[in-house]
Each structure stands twice: as structure tokens, then as C-alpha cells.
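Work through these exercises with the sequence and the 3D view open. Each task is followed by its solution in short steps.

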Amino acid sequence: MTTPHVQTDTQEISHPFSSLIKMRDIWKTYQMGTEELHALKKVSFDVTKGEYVAIIGPSGSGKSTLMNLIGCLDTPTKGEYWINGEQVADMTDDELARIRNKEIGFVFQTFNLLSRATALHNVELPLIYAGISSTDRHEKAIAALESVELGDRVTHKPNELSGGQRQRVAIARALVNQPSILLADEPTGALDTTTSSEIMNLFERLHAANNTIIVVTHEMEVAERAERIIMIRDGEIESDKKTR
Amino acid sequence: MTFDDIRESAVMAFSTLRANKLRSALTILGVTVGVLTVLSMVSIIQGLNRSFADQIESLGSNTIFVNKFEPSFSPQKTQEELQRKELTIADAEAIARESEAIAAVAPFERKLSETVRFKDKQTETPIILGVVPEHSYTMSQFVAEGRFLIDVDIRERRNVAVIGRDVVNALFLEYEQPIGKDIKIAGNVFRVIGIMEDQGSFFGQSRDNSIYIPLTTFQKYYPEVVFPDFVFVIIVRPKTRADVANAMADITDTLRRRRGDRVGEPNSFGISSQDALLDVYNQLTGATYLVLTAISAVALMIGGIGVMNIMLVSVTERTKEIGIRKAVGATRLSIMSQFLIEAVVLTGIGGLFGLIIGEIVSVLINTYSPLPAFIPIWAILVAIVVSGGVGVVFGLYPAWKAARLDPIEALRFE
Ligand SMILES: Nc1ncnc2c1ncn2[C@@H]1O[C@H](COP(=O)(O)OP(=O)(O)OP(=O)(O)O)[C@@H](O)[C@H]1O
Ligand SMILES: [Mg+2]
């Protein structure tokens, strides 16, 4: 357990451990030949438990890059990141895997489902790595699929499902292990308005049940349903304000 | 790693195999051939060992053989060996006289083949053995009908013969009684006085195609002993198994003295017990084992390289899958074990096929060839351990490669 020792921001929240996510001066730099490409620059923000945050910004502004960092899939080039009060840079590979498994539910922009596996098996996957017995696993996965109204599609493979259904399988997989944070990267990007509003309703229900949610989107209507909107442009936070 | 983990990996492994049928089949074939090679080698050696042990056993127990030459599987003789003096009946008598450890001594002389006739029937193949009455006891070979040779046959150099079953079959009709009949051996008339018990064969050669005549009579007709057509051998039967070593020492002393072998020089004759024959055989099989093991190792290596190749391809093709698994919490160990189990499933199936085919081939060899072949229990274990081991060894590198993939890069892989 590491206590934050950098006291930079003026809006620093008084309780260091009340933030679920705490990022300070995060940079992500890609080396493209001789040139440096800064996908993220001096990003600092906090997210507390139960918050519903939208990240919005133009294409290529660094939203997915930021989500990957929050989700412990990627490591920053520079800067400090605490999740639940633990410094991510200090964690071993296996600890990161455990965080991804237990603390984070990730809904990817491109679904990222196992194409050869059924919806059920896809949803079971995080439970397998959590070491949950097969009977419990089965029950929980079915329950998660039912919560996204896919109870009648459990044996379908991803290519036997519609885009919206795939997205919902991805959401069920993200939720099945009851993570502390749900990260969704453009969850409605590929969907029609009806389906996307269904998914937004689902997120609202999850938020009402005190789940922490971070949603990436480029649609203002989607963003406005969150409590807070972080605007990103060219890798920098342009604005960070409450909607209500 | 839990049982569930392993089951998950095994299920995934089978689904991967199903998704890539041809590729998997070829890889499995490679391992099958490897395991089959190992099994054939083991089977051949085991078969030979068993057959040899049976053969040695059939010679009778703890007999000592004294010969002009040391026992050897090579027909080539050195200059020194070719110039050696013959052993004699007098040597045999001296051996019998001078050792306490000996129950019986039986010298015999042998000619490889001779023409034998009865009426209008003729055979050229029988082995002619000039023997003494003790032969029957020392070799544990007895007459089935009539009688064996007795002292008076030897003393009077009688033209009498005891014949083996093959000779009976070659010369006599089914209803004819051979005993009392006169047969011609190389033109000389001999009276048949007995028929030997069936003795089966020794290294593919029938031992029932023999004619036993008095040693003295033999030496009258064949005064010269010319190797390799003729051999003179002294068979010695020690009193008990415990006397074998003493008897061999006594015989060696007696013969070195009688043949004038100088101190420090090797024996100018060969002396061997069944144990010594086994030693020669074991040396021979030791070398064979080595060669066969090397062949097996190469065959398994080829199978293993196939497995490694396919697993590397599989890891590359499934980079995205690995990324997804890591993203939802798979540790390096889980990914590693998944791919290792997949490799072991591949090689395990190969091993199983190898075992099944090996068993079938072994049965076929037993049925259609004179070679005895069988697969012992430990060979089955070897097949299992070896095929599993090949999977682990050759699957390790691909699995490790998969395990250390960066999750975000793996997810970006197209
Ligand atoms: N692996 C990489 N190597 C080099 N540059 C990268 C890499 N990943 C992302 N980038 C760059 O970083 C910038 C931010 O990319 P990112 O995927 O975060 O954008 P985004 O905001 O999610 O865009 P979109 O809305 O289109 O999904 C882009 O300019 C992109 O080219
Ligand atoms: Mg993106």
C-alpha cells in the first residue's frame, strides 16, 4: 500500500483513500521513428466510488489510451496512478492480472469476445481466472447474461449474434465478476439509437446500484446522462465538470 | 492451478484441434511415429531377450562348455586361434579325474551335415554327433523310444545310431518302425537303436535333425577335425549350480597345464557356462540398446519439432485471444499452462495412437513371423511418459512466448 506523496493539484481531495482512481501527471508517449507522439499529456484526475463519469473528445484524442491505462492493460510512460490506494507502477504482472480480474470490468470498443466460444463461455472467462468452481460459474454467467436480456442466447457464438447483442455479451462479461469499476469504451458506438438507449438505461441502473462507471463516447447525448464529463483534446484534459 | 483450470485448458485444446484438423493430424502423426519407433525398439529388444533366455534355458541348467574357441558371434578367427591344438578325449578324461566339483563329463564331436539313406529315401541335412553315454545326462536330452548309447557301444566302436524326430520323418514312412532298421550314413551301415525326444529348435535351427553315434565310431570315420564343419566340444556338468565357478577354475587349471599355456598368457581354449553366454548376449544387446535409443530419440525429436512448430503458429494466430484472456485476468501461469496442456493433449493423442498401432503390430509380428514380440507394461508407461514429456519439452517455449505477451499489444493484434 502506497500513500500518495505528490501533492500537486489544488483541487486535491482531502481524503487520499476516498478516490477509487487517482491519476497524477500521466503521460503516454509513443516513439514513432524519430518523432515522439504524446497520446496523453499531464493527465490528472480522481474518480470516487459510485461516480458515473463520461470521457468525451474527438477521434484520436487519446480516450482509448486513457481507458487502457485506467484498466491496467497498459502502463504510462510517466506519472503516477493509484487504484484503490495502491500504486499501479509497483505491481507485479500477476497483481495486475488480479486487478483486471477482480476490480475492473472492461467493455472494449471492439467487443473483444472469443470468436470460437459461446456467449456463456465468454462471460465465464473472468470467473475461470478468478478460480470459481464450474457450477457457481455457470450460475453467475447465466445470471449476468439474463441481466442484459440475453438469457435465450447463451449457446450462440459471437458471429451468431447481432452487434448490439455482442456488445451486451461484452457488458455481461465485464459485470459478471462484480468489479469495483466498469470501464466502457464507446459502448454505443456501433449501435442504433434504440439499442444504445437500452444500454445507457442499463448503465443508469448499474449506477443507481452504486457501481462506479467510466464511459468513453463522442456523442454528447450519451455523455450528458453521466454525472460528470471529462473533455479530452490532443491528449490533454480540456475540461472536467459536473453535469448536475 | 486448479482442476477447473486444467479442464478448461483441455476443452480449449480439443476445440483448437477440431478447428485445425489437418494441421493437428499431421502433428499427431509425427508424435505417433516417434512413440511407435520407441515401442518397436523396446518390443524388439524385449522379444530377443525373452527368446534368448528361453534358448539358453533349453540347453539345460548350469552346463559348462569347453571348446577350442571362446564363444563369440563372429565367425572370424585370429591367426593364434587357428593354430590352436585340438581338445581330445584324454583332456575330457583328465577333467573328470581332477575336479571334485564335477558330476559328469561328456566330450562330443559334431559334423554339420551328412547324407543319410534308408531304402530309397535320402536326406543331406542331419547333424552327426559323436557322443558318449553321459551326453544324455549332461545335456538333459533323453530317448523317447529304444535306448541311448552305452559304454559297450563306445568300447567296440559299434555302428549304432540314435536318431532325432526330423530324421525319422525324413527317412521312414508313418507306419514303419525305425528301431532295428539299418540306415546308411555317408555310405556306412548303422543300426537304429533309439529315437530322441523332441527338443524344438535353437535360434531357428531344429535340434531334432540330429543323429547320435558313438564318439569312437565317429572318429574312425572322421579322423580329421576341420573347423567350422567339425567341432570338438567337452560338456561338463557340475554337481550343483554353486559348483559352477569351482568347476570352471578346475577345468581351466587342468587344461592350461595339459596344453602348456604359459603363465600370463590367455587360455588357448574357450570355456563358458550359460551365464557367460548370457554375458556375451548382454554385451551385444547393450550396444543394440544404444543404437535403438538413438533412433528413438531422433524420431521423437522430429515429432517434437512438429509440435513446437504448430504451437508457435497457434500462439501467433491466437495473439488476440491471449490478449482477451489477459485483459479479463489470466495470469502468465494460466496462459502458460493452457498452451502446455494443449501441447500435451496433442502429443498425448499421438502417444495413444502409437500405443494402439504398436500393440497391433506386435500381435501381427507374433502371428506372422517367427520373431517373438511383446510390449511389457513398462513400455506402455514409457509411451505415456515420453509422449507427455515431448509435449512439455517442446511446448514450453511456445507457451512461454504466449505467457509473456503484453496484453495491450496482444489485443491490438489483427
Ligand atoms: N500503439 C500505438 N502506437 C502509436 N501511436 C498510437 C498507438 N496507440 C494509439 N496511438 C495514437 O495515440 C492517439 C490516441 O489514440 P486513441 O486510440 O487513444 O484515440 P481515441 O481517442 O480512442 O480515438 P477514437 O475515438 O477514434 O477511438 C492517436 O493519435 C493514435 O494514433
Ligand atoms: Mg478509441
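A polar contact is a pair of N or O atoms within 3.5 Å; within protein, one must be able to donate a hydrogen and the other to accept it, and residues adjacent in sequence count only if both atoms are side-chain atoms. This is a predicted model, where local features need pLDDT of at least 70, side-chain atom pairs count only at pLDDT 80 or more, and totals for chains, interfaces and linings use all residues. Residues are numbered from 1 along each chain as its sequence is written, chains are lettered from A and ligands numbered from 1 in the order in which they are written, and side-chain values use heavy atoms, with hydrogens and water left out.

**Exercise 1. Place Thr212(A) and find what its side chain reaches.**

Step 1. Find the strand. Thr212(A) sits in β8 of chain A, residues 212–217. Helices (H or I, at least four residues) and strands (E, at least two) are DSSP runs, numbered from the N terminus.

Step 2. Is Thr212(A) buried or exposed? Its relative accessible area is 2%, so Thr212(A) is buried. Buried means under 20%, exposed over 50%, and partly exposed in between, with a 1.4 Å probe and protein chains only.

Step 3. List the contacts. A polar atom of the Thr212(A) side chain lies 2.9 Å from the backbone nitrogen of Gly50(A). The side chain of Thr212(A) also reaches the backbone oxygen of Ser180(A), at 3.3 Å.

**Exercise 2. Describe the surroundings of ligand 1.**

Step 1. Locate the ligand. Ligand 1 lies between chains A and B.

Step 2. Pick out the neighbours. There are 15 residues around ligand 1, and Ser59(A), Gly60(A), Lys63(A), Ser64(A) and Thr65(A) come nearest. A residue counts as near if one of its heavy atoms lies within 4 Å.

Step 3. Trace the elements. β1 (19–32), β2 (35–48) and α1 (63–70) of chain A each supply at least two residues of the shell. With three residues, α1(A) gives the most.

Step 4. Sort by class. The shell has five nonpolar, seven polar and three charged residues. Ala, Val, Leu, Ile, Met, Phe, Trp, Tyr, Cys and Pro count as nonpolar, Asp, Glu, Lys and Arg as charged, and the others, Gly among them, as polar.

Step 5. Check the polar contacts. An N or O atom in the side chain of Ser64(A) is 2.7 Å from an oxygen atom of ligand 1. A backbone N or O atom of Gly62(A) lies 3.0 Å from an oxygen atom of the ligand. For Tyr30(A), a polar side-chain atom lies 3.5 Å from a ligand nitrogen.

**Exercise 3. Characterise the largest cavity.**

Step 1. Fix the term. On a 1 Å grid over the protein atoms alone, a cavity is a set of points where a 1.4 Å probe fits but cannot get out; lining residues have an atom within 4 Å of a point. Grid points are joined across faces, edges and corners, and a volume is the space filled by probe spheres set on the points.

Step 2. How many cavities of 30 Å³ or more does the structure hold? It holds five.

Step 3. Read the volume and lining. The largest cavity has a volume of about 100 Å³. Of its 13 lining residues, Arg100(A), Ile104(A), Gly105(A), Phe106(A) and Val328(B) are the closest to the centre.

Step 4. Name the main contributor. β6(A) gives the most to this lining, with three residues.

Step 5. Sort the lining. Eight residues are nonpolar, three polar and two charged.

How values were computed
On a 1 Å grid over the protein atoms alone, a cavity is a set of points where a 1.4 Å probe fits but cannot get out, and a pocket is an open set with protein on both sides within 12 Å along at least five of seven lines; lining residues have an atom within 4 Å of a point.
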